[in-house]
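These are my notebook entries from a first look through this structure, written for someone who has not met it before. I went from single residues to helices, then to the cores and a sheet.

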Amino acid sequence: MSATAVELRDLRVELVGRDADVVDEITLRIAPGEVLGLVGESGSGKTTVGMALLGHVRRGGRVGGGAVVIDGRDLALLGDRELRRLRGGTVAYIPQDPGTSLNPALRLRRQLGEVLEAHAGEWGDDERGQRVRQALEEVALPSDDTFLARYPHELSGGQQQRVAIAMAFACRPGVIVCDEPTTGLDVTTQARVLATVRDLCRTHAVAALYVSHDLAVVAELADRVAVMYAGRIVETGTRDQLFRAPRHPYTRRLLRAVPDLEGKRAVVGIPGTAPLPGGRPTGCFFHPRCTLAVDRCVAEFPPATDVGGGQLVRCHRSAEAPRELPVEFGPTEAVGDVAPDLVLAVRGLDAHHGASHTLHGIELEVHRHECLALVGESGSGKTTLARCVAGLHKDFTGEVALRGTPLPPAARKRSDAARKEIQYVFQNPYASLNPRRTVGQTIARQLELFDPGRKEMDRRVGDCLERVALSRSAANRYPDELSGGERQRVAIARALAAEPALMVCDEITSALDVSVQAAIIDLLRELRVQMGLSLLFITHNLALIRTIADRVAVMTQGRIVELGPTATVLAEPSAPYTQQLLANTPTIAA
Ligand code: SF4
């Protein structure tokens, strides 16, 4: 058996001055060369565990018990100097945003050289220079002098992330902590980054903790997986155990929420939200959301039990669950027939950003009740196209027509009626709501378009909130009192308040957990049925379009390279670019 590079023994991190833990009873081992995926919804404590491996605790927290042992050394017993040497040397970190690990003022040669100087100070210049080049080659980047003379801002996002990986692996660490390093990258770059991380871990026997909320990514990369819920590990097992025979009800629900590229399963969200530190219930923390809960679940916290083959599950009912419960729940339901009436037509559209020609000859149509997905990598032009449709980008030629009537390019030149009919929901629910307005005030501003009386206004605000499955009392709350999913519901409610014919959804679920994403997708499906709403749905997530879109337009370099029914495009892609996108899309299918 291989030696253990990392061991967490019953780790507890608690909030200073409060009788509340952030995480507790965390016991994990990672062997050299092994990748352990750590998954869970936002706030489950997975980043806290990742930070603990670096000997870090966030402000306001402290280690309240247990131990983090790396290469036989308990981090709690190390002094500041030893800890600094450990970070970047024995334990390296790859952040979500490479911008946080790269110094914008340093050329790549210095950037990488300084890491080696700090952690391999005894090396000579030649040795260091060679290792810098080798580190870049290992992540498939050029290592010539021209490239080494570049600054971080002269690189693409994917290249920056690969430089961050090169820096992390340059000192040959024993342990590496990856915190969602591919979030924000398109699928092709993501596939390359994941393959690089996996190869480097194997080649150099590095133990990796891969923190992610993306189960499909973890299924591609990890050897073993630990699932966290409300500060506890609720299930641990090999990749096959977790994805083929999950035993904890939470793991199963999480998997049901992941969109499936093959469309074999319906996507179902998890109702309710995970409890925060200090607000956790008695007994099993999952019991308020668990459909299998019994009296014992409310009274007793379940111990971790080995259900066979080393698969550990914290559930009182783990022994009763069928061993091979399939995570299949019938095919994705069709929303209904697409009505023939044309809502949006884009003809011969060419767009520019200053001197650069960003969209070329775009032709597309969206019918009543239809969802057309626009997919493509970052920079493919999908957001520019959506902004032209909404009148937010006016530097274009060609035609955008609503119900057969051509619209002026700029939104402010469009009639009030036309502006109401096309509503835009933005990617980031944190930035798109005014923090100084209550939810009710935000929605009421949209309703002012209809000039209702005061009483009627309150009633309509309440109706809009109920339509997106929020309670009427949410009208009195401010955005910072809401979760990410709730904020995105408010953004959708605000758009719906205008009674639009077409809603443009720009990556609206990409910042959300899969469970929340599934609930939002459910909601959009219902709204299409109830209101005959049409959607232009922009995403880089191909699996997601299977669950929501009737047709899909695939974009690259400002052109639509393939357009057709979703099932056909996904099953028999004709454009080489679509084929490549599909091949690079991570999937949890075994
Ligand atoms: Fe559900 Fe009870 Fe198991 Fe918790 S212990 S996951 S509430 S069945």
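**Entry: Arg-280.** I began with the side chain of Arg-280, which in this predicted model reaches the backbone oxygen of Val-22 at 3.2 Å. I then noted that the same side chain makes a polar contact with the side chain of Asp-21, at 2.8 Å. Arg-280 and Asp-21 stand 259 residues apart in sequence, yet from C-alpha to C-alpha they are 9.8 Å apart in space. Looking up where Arg-280 sits, I found it in the loop between helix 10 (249–256) and helix 11 (295–299). Is Arg-280 buried or exposed? Its relative accessible area is 16%, and because the cut-off for buried is under 20%, Arg-280 counts as buried. With neighbours within four places in sequence left aside, the contacts of Arg-280 include Ala-230, Gly-231, Arg-232, Pro-275 and Phe-285, besides Asp-21 and Val-22.

**Entry: Glu-507.** I turned next to another loop residue, Glu-507, whose place is between strand 19 (502–506) and helix 17 (514–531). Glu-507 is buried as well, with a relative accessibility of 10%. Which residues does it touch, leaving aside those within four places in sequence? I listed Lys-382, Gln-427, Ile-538, Thr-539 and His-540.

**Entry: helix 1.** For helix 1 (residues 46–53) I checked burial residue by residue, and seven of the eight are buried, so this helix is largely enclosed by the rest of the structure. The buried ones are Lys-46, Thr-48, Val-49, Gly-50, Met-51, Ala-52 and Leu-53. After helix 1 comes Gly-55, and I noted that its phi is positive, near 75 degrees.

**Entry: the nonpolar cores.** The largest nonpolar core has 65 residues, and the members that touch the most others are Ile-176 and Phe-243. Helix 6 (residues 157–170) gives the largest share of this core, seven residues. I followed Ile-176 further and, leaving aside neighbours within four places in sequence, found it in contact with residues including Ala-92, Ile-94, Ala-168, Phe-169, Cys-201 and Leu-209. Apart from this core lies another, of 52 residues, and Val-439, Ile-492, Leu-496 and Leu-512 are among them.

**Entry: helix 6 and helix 7.** Having met helix 6 in the core, I looked at how it packs with helix 7 (residues 187–203): the angle is about 10 degrees and the axes are 10 Å apart. Angles under 35 degrees count as roughly parallel, and the two helices are therefore roughly parallel to each other. On the side of helix 6 the contact is made by Gly-158, Arg-162, Ile-165 and Phe-169, while helix 7 brings residues including Thr-189, Arg-192, Val-193 and Cys-201.

**Entry: an open sheet.** Last, I traced a sheet of four strands, which is open, has the order 14-13-16-17 and is paired antiparallel. Its edge strands are strand 14 (356–367) and strand 17 (405–406), each pairing on one side only. How many bridges join strand 13 (residues 342–353) to strand 14? I found eight, with the two strands running antiparallel, and one of the pairs I looked up sets Leu-344 against its bridge partner in strand 14, Val-366. Helix 12 (residues 382–390) lies across strand 13, strand 14 and strand 16 (396–402), and it runs at about 120 degrees to strand 13.

Terms used
Residues are numbered from 1 along each chain as its sequence is written. This is a predicted model: local features need pLDDT of at least 70, side-chain atom pairs count only at pLDDT 80 or more; totals for chains, interfaces and linings use all residues. Side-chain values use heavy atoms; hydrogens and water are left out. Buried means under 20% relative accessible area, exposed over 50%, partly exposed in between (1.4 Å probe, protein chains only). A nonpolar core is a set of buried Ala, Val, Leu, Ile, Met, Phe, Trp, Tyr and Cys residues joined through side-chain atoms within 4.5 Å. Contact means heavy atoms within 4.5 Å. Two strands pair if DSSP finds at least two bridges between them. Axes are lines fitted to C-alpha atoms, for helices over the stretch in contact, and angles run from 0 to 180 degrees between N-to-C directions. A polar contact is a pair of N or O atoms within 3.5 Å; within protein, one must be able to donate a hydrogen and the other to accept it, and residues adjacent in sequence count only if both atoms are side-chain atoms. Angles under 35 degrees count as roughly parallel, over 145 as roughly antiparallel, 65 to 115 as roughly perpendicular and the rest as oblique.
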